[in-house]
Amino acid sequence: MLMYMFLGVSIIADRFMASIEVITSQEKEVTITMPNGETSVATVRIWNETVSNLTLMALGSSAPEILLSVIEVCGHGFEAGELGPGTIVGSAAFNMFVIISICVYVIPEGESRKIKHLRVFFITAFWSIFAYIWLFLILSVISPGEVEVWEALVTLLYFPVCVLLAWIADRRLLFYKYMGKRYHKRHGIVVETEGDTEPSKAGGGGGMEMVLDGKFLSRAGGVTPADNCGDGAMATVAGGNLPLSNSAMVNMENTKELDDSRKEVIRIIRELKQKYPERELDQLVELANYYALLHQQKSRAFYRIQATRMMIGAGNVLKKHAAADHARRTAVVEDDVVEDDDLPVCSRITFENAHPQCMENCGVLSLPVVCHGGLGESTFYVDYRTEDGSANAGSDYQYSEGTLVFKPGETHKDIKVGIIDDDIFEEDEHFFVRLMNLRVGDAEGMFESDEAGAAPKGRLAEPLVATVTILDDDHAGIFTFGERVVRVCESVGTMEVTVVRNSGARGTVALPYRTEAGTARGGGEDYEDARGELEFVNDQTTQTLQVRIIDDEEYEKHENFFIVLEEPRWLKRGISGVCVCVYEEGQMSAEEEEARRISEMGKPILGEYSRLEVVIEESYEFKSTVDKLIKKTNLALVIGTHSWREQFVEAVTVSAGNGDDDDEEDEEARAGRKPSCCDYVMHFLTVFWKVLFAFVPPTECWSGWACFLVSISLIGLLTAVIGDLASHFGCTVGLKDTVTAVVFVALGTSIPDTFASKVAATQDQHADASVGNVTGSNAVNVFLGIGVAWTVAAIFWNAQGKPFLVDPGSLAFSVTLFTIFAFIAMALLLFRRRPSIGGELGGPRGARILTSLLLLGLWFLYILFSSLVAYCHIDGF
């Protein structure tokens, strides 16, 4: 029965941790100001990671122990009990020795894990040991056998002090902002020390760079390692080191976190493209979403929820999420074709081309007008006329007006306009042709009157006006790009650039071109160099050149290079194909001199835009894909619930609980995995608890706070029952409450944390989630579990003028023994940072086995001596 209650507490703690994950995952938009004045808007989390780990996360994982201690004191007439404090100390010993030993051993062969945030770890490690030293002091030294009000209050107030100091260390505030971080070897151990360091310049040159957490963050957003550099808030500006303000430092850290997330998503997408080149982008996006969720740094709450759900047959959280996304994607059919509602019944009449061009010597220009849509049962009459632009009717073109008649079934008509040729050099000119005055007739051609309220049978559609450009053919032409700057997406592949020949198109002209590097580099790095000649034949007005752009899939990119047109040369003149003559100076007659002068007047020249700047930008599709994936990789969306219906469906559904996340497994395999026999057994054992706790409000209500409050109330209720059951169990088997608490209750409340830490150790890149959080949890257990209970009891008895008595015997001995063993465990973890081992977790096989056995031995010794003291075989304090 006691074990069944432990299962119930684990399941409701799962809901409790889900609410905490949703609460601490809330985001806000902030404006990030860089030292150079540039600003950008980014979405960041409201909760600081360190604060959330030491407050809500620690409360979630330690809630049973904390509430057991509080309920025991309040439920027994405010008398000190042995079950609650014994459970807290026993749980701390189990966490420190057993959980860490398992985490050390389960790391794959040849791998190791290091603690990333050492400053925070040292703070929490200190408080996790000091908390138990403080217990010994108030029980056996300051006021033996009695807990005074101020002692209880100080114990409770140590909790916010611990959180504040950890936050200061994490944010490098106060004295931390004047210190850099450097690593050096001391007696073969890699140690992090605080001190002033000068960041070295990367890449020489000027510009602006920032140093963040031992890495350089350049203006372009790239992060490069900075060996032996400090992680203090320093900016290198034009060769000088300037200290940054705290706000600037925080903004830089927000930028770095966002940039790291983007780089990780980009890396995943690139790998998947290489691995599955045949898959569509949508499939790669969903697969990348699963990979990003799988490999991103996860919170303590996630690992606790993952372990609990796998244990009770509720399935792997990430695989269930991926399978649900796959099912939704295959079920939803999107219709991207947007059509006009009345197109089947209403005809559209429009120019086929809004900007036609013609040579001056073409004679007659035909402008096609098309009619599409409708029922094809009516006759349409459309008037047209020409209008002057820079070209004038009578001198450049022949004025024209008339009516086009589209009989039933006809879809194409031409407007004929005469073009007047001359032998004068002039700029290209244009005029307009306008459609107007649409009338509708029946099949026989009789005009129909408009019926009130009836849908129209036809209408004029854009373009209603065609702008006709007359290209002068009396000059070889002016060669130019259409604009000075063109922007291309890096995923365009091969870009095509159009070179325009205007103000004449006579003769055959060769136009050399070449590429020129800017911030973008050629030679296949950002683009492939191009050099060649474009040949314009007689009357040809446009020609295209091609440059291949290299797609390196950068999130933000703004690099440029240039395409330069060189002096054109005349190969053949005019339609006759006469070759260009070369005259030598001093040997020309008067006729030849005049011919040369006329030839010079008509020779090809470069126009205004002979140097085109090409700006390579990031792919909009790629950037939006990355942004979408970053939003979708919020773990709160994975473990949170949106409705009671969803919770009840999950409660009665058996899912595969295989926790070995196989990267090679595709979506169909994940969706089709079947539950094992063990999954069914655990589901039927826990289905009562799952259905009962499905009544808890979904995490979407009140941003998770409704689920938080209801869950912690239910945990308190179950914990009260567990306390009574544990006492009865001890009486039944002849065990004292101290031994029952240290061994059985502590073991039962710590089992979910054990599985969670194992998953965190194998899946996380660092040891913070599995080792670092153990120390924080142990400190919180004392400051909240014992601090709250003893504060309430001490105030109660003080109000009655009586002391609050606590027997220091076995509790003081257990605290002292745990403190000694904790020092040994911390020294061992620090020793494991030697280069020969590599980190707190994992390492060579021999080191892993020895470390695990030593830690387990410490736990067995702690249990043994605590039990001997409880039964008076060894004298306590």
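Biologist: In this predicted model, what is the order of the strands in the open sheet of 5 strands?

Modeller: The sheet is open and its pairing is mixed. Its edge strands are β13 (357–359) and β16 (401–406), each pairing on one side only. Read from one edge to the other, the order is β13-β20-β18-β15-β16.

Biologist: By how many degrees are neighbouring strands of this sheet turned against each other on average?

Modeller: The value ignores strand direction. On average, neighbouring strands here are turned by 25 degrees.

Biologist: Which residue in β16 is the bridge partner of Tyr381?

Modeller: Strand β15 covers residues 379–388. β15 pairs with β16 in the antiparallel sense, over 6 bridges. Across from Tyr381, the bridge partner in β16 is Val405.

Biologist: There is also an open sheet of 4 strands. Which are its edge strands?

Modeller: The order is β17-β14-β12-β19, again with mixed pairing. From strand to strand the twist averages 20 degrees. Pairing on one side only marks the edges, β17 (412–418) and β19 (458–460).

Biologist: Which residue in β17 is the bridge partner of Val370?

Modeller: Strand β14 spans residues 364–372. β14 and β17 run antiparallel and are joined by 7 bridges. The bridge partner of Val370 is His412.

Biologist: Are the residues of strand β21 buried or exposed?

Modeller: β21 covers residues 478–481. In a regular strand, side chains alternate between the two faces of the sheet. Ile478 and Thr480 point one way, while Phe479 and Phe481 point the other way. On both sides, these residues are buried.

Biologist: Which residues stand opposite Ile478?

Modeller: β21 pairs with β23 (residues 494–502) in the antiparallel sense over 4 bridges. β21 also pairs with β30 (residues 605–606), in the parallel sense over 2 bridges. Opposite Ile478 stand Asn502 in β23 and Ile605 in β30.

Biologist: Now the helices. Why are α3 and α20 described as roughly parallel or roughly antiparallel?

Modeller: Two packed helices are described by the angle between their axes and the distance between the axes. Helix α3 (residues 83–106) packs on helix α20 (residues 845–870) with the axes 8 Å apart. The angle is about 165 degrees, and angles over 145 count as roughly antiparallel. Therefore α3 and α20 are roughly antiparallel.

Biologist: How many nonpolar residues does the contact of α3 with α20 have?

Modeller: The crossing is left-handed. Residues of α3 in the contact include Phe94, Phe97 and Val98, and those of α20 include Leu855, Leu856 and Trp859. By class, 1 residue is charged, 4 are polar, and the nonpolar ones number 14.

Biologist: Where is Ile549 found, and what is its relative accessible area?

Modeller: Ile549 is in the loop between β26 (542–548) and β27 (558–565). Among the residues it touches are Glu490, Val492, Met495, Tyr527, Phe561 and Ile616. Ile549 is buried, with a relative accessible area of 2%.

Biologist: How far apart are the C-alpha atoms of Ile549 and Glu528?

Modeller: Along the chain, Ile549 and Glu528 are 21 residues apart. In space, their C-alpha atoms are separated by 6.6 Å.

Biologist: Finally, what share of the contacts in the protein with a separation of 6 or more comes from residues 24 or more positions apart?

Modeller: The protein has 20 helices and 33 strands. Of its 877 residues, 51% count as buried. Residues 24 or more positions apart account for a share of those contacts equal to 77%.

Note on methods: Residues numbered from 1 in each chain as written. Predicted model: local features only at pLDDT ≥ 70, side-chain atom pairs only at ≥ 80, totals over all residues. Heavy atoms only, no water. Pairing = 2+ DSSP bridges. Axes fitted to C-alpha atoms, helices over the stretch in contact; angles between N-to-C directions. Parallel < 35°, antiparallel > 145°, perpendicular 65-115°, else oblique. Left-handed = near helix turned anticlockwise from the far one by under 90°. Contact = heavy atoms within 4.5 Å. Nonpolar A, V, L, I, M, F, W, Y, C, P; charged D, E, K, R; others polar. Buried < 20%, exposed > 50% of the residue type's maximum accessible area, 1.4 Å probe, protein only. Lists of a residue's contacts leave out its neighbours within four places in sequence.
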